[in-house]
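Colleague: Please take one helix in this predicted model and look at it closely. Then work outward to what surrounds it.

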Amino acid sequence: MKTVALIVAAGRGERFGGDIPKQFRLVHDRPLLSWTIQQFQQATLVDEIVPVVAEEFLLFANEQVVNPYSFTKVREIVRGGDTREESAFNGLKSLPISCGYVAIHDGARPIVDPVDIDRVIETAQRDRAAVLARPATDTVKRVEGDYILATLDRSKIYLAETPQVFQYDLIMSAHSKFKGSISVTDDAAMVEQLGFKVRTVIPERPNIKVTTEDDLKLVRGILAETFRTTF
Ligand code: C5P
């Protein structure tokens with residue numbers, strides 16, 4: 001049974017600003033998304049990779065992000081949708097029913113460690129659903145306006161990252177059932193709504209989601225270190 005990595009990268013990057021969406025910004029002369037794909041190319045338990053990009057970037061993704069880097073696992077590039085949820089669903093629908101597990105990952109997380117990818121896939125292959133989630137190290141407050149309403153019990157707060165890995169049938173049922181009807185910012189939330197228990201796996205390495213220019217600088221430094229190259 002195959003495990004496919006679905007890398008959602010169809011955001012238009014309004015928060016980041018600038019003309020080029022963040023996933024295509026150059027990091028050491030390569031589009032950021034190509035670094036993300038590289039991590040999945042290196043993960044042992046990933047059989048195939050399907051990047052999901054906005055329609056206007058399909059050609060660019062093919063010519064500038066995938067082809068130059070000999071990613072042997074890339075199966076095809078799929079067109080995204082108007083929301084992250086729609087992009088993930090488009091990717092899911094493109095996969096054959098013979099697909100066993102799907103690892104859904106944010107294209108904007110280029111430094112995810114291949115060992116962490118394998119660890120979360122391994123857990124999902126045992127328990128059907130698992131996500132990388134990191135215990136909070138800051139104290140978390142519920143805020144309204146500029147005022148704190150409550151302080152949450154930090155020992156129970158984890159920050160959900162990606163990849164989030166699910167048995168294909170399970171995540172397809174969740175997306176089909178809740179399509180457009182609930183507002184969620186990750187895929188696990190839909191599986192939770194189905195009443196299913198999702199396992200957490202604590203990452204051993206950093207897994208920054210690039211949201212600001214400063215994040216880009218951090219990622220640049222970490223990638224230089226990881227790939228032991230002088231840039
Ligand atoms: O907006 P946010 O940073 O949470 O997006 C997470 C990931 O979802 C990004 O990699 C982004 O490109 C992707 N996305 C998508 N389709 C959209 C919106 C976001 O694939 N319509």
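Modeller: The buried residues of α2 are covered by several elements, among them β3, α1 (32–42) and β4 (48–53). The helix itself spans residues 58–66. Which of its residues are buried? They include A61, V65 and V66. Buried here means under 20% relative accessible area. Look down the axis of α2: the buried residues fall within an arc of 70°, so they line one face of the helix. The general rule helps here. An α-helix has 3.6 residues a turn, so residues three or four places apart point the same way.

Now follow the covering elements outward. β3 covers part of that buried set. β3 comprises residues 30–31, and a loop sits between β2 (26–27) and β3. H28 is in that loop. Its phi is near 50°, a positive value in a residue other than glycine. Is H28 buried or exposed? H28 is buried, because its relative accessible area is 17% and the cut-off is under 20%.

β4 also covers α2, and β4 leads into the sheet. The sheet is open and has 7 strands. Their order is β5-β4-β1-β6-β10-β7-β11, with mixed pairing. Which strands are at the edges? They are β5 (78–79) and β11 (199–201), and each pairs on one side only. In general, strands of a sheet pair through backbone hydrogen bonds, either parallel or antiparallel.

Go to the β11 end. β7 and β11 pair in the parallel sense, over 3 bridges. L132 stands opposite V201 in β11. In the strand order, β10 comes next to β7. β10 covers residues 158–167 and contains P163. A cis peptide bond joins T162 and P163, with omega at about 10°.

A second helix belongs in this picture. α4 lies across β1 (2–9), β6 (99–106), β7, β10 and β11. It runs at about 135° to β7. The loop between α4 (114–127) and β7 (129–135) holds R128. R128 has phi near 75°, again a positive value in a residue other than glycine. How accessible is R128? It counts as partly exposed, because its relative accessibility is 33%.

To return to the starting point: A61, V65 and V66 are buried in α2, and what covers the buried residues there includes β3, α1 and β4.

Notes:
Residues numbered from 1 in each chain as written. Predicted model: local features only at pLDDT ≥ 70, side-chain atom pairs only at ≥ 80, totals over all residues. Heavy atoms only, no water. Helix = DSSP H or I, 4+ residues; strand = E, 2+ residues; numbered from the N terminus. Buried < 20%, exposed > 50% of the residue type's maximum accessible area, 1.4 Å probe, protein only. Arc of directions from axis to C-beta. Contact = heavy atoms within 4.5 Å. Pairing = 2+ DSSP bridges. Axes fitted to C-alpha atoms, helices over the stretch in contact; angles between N-to-C directions.
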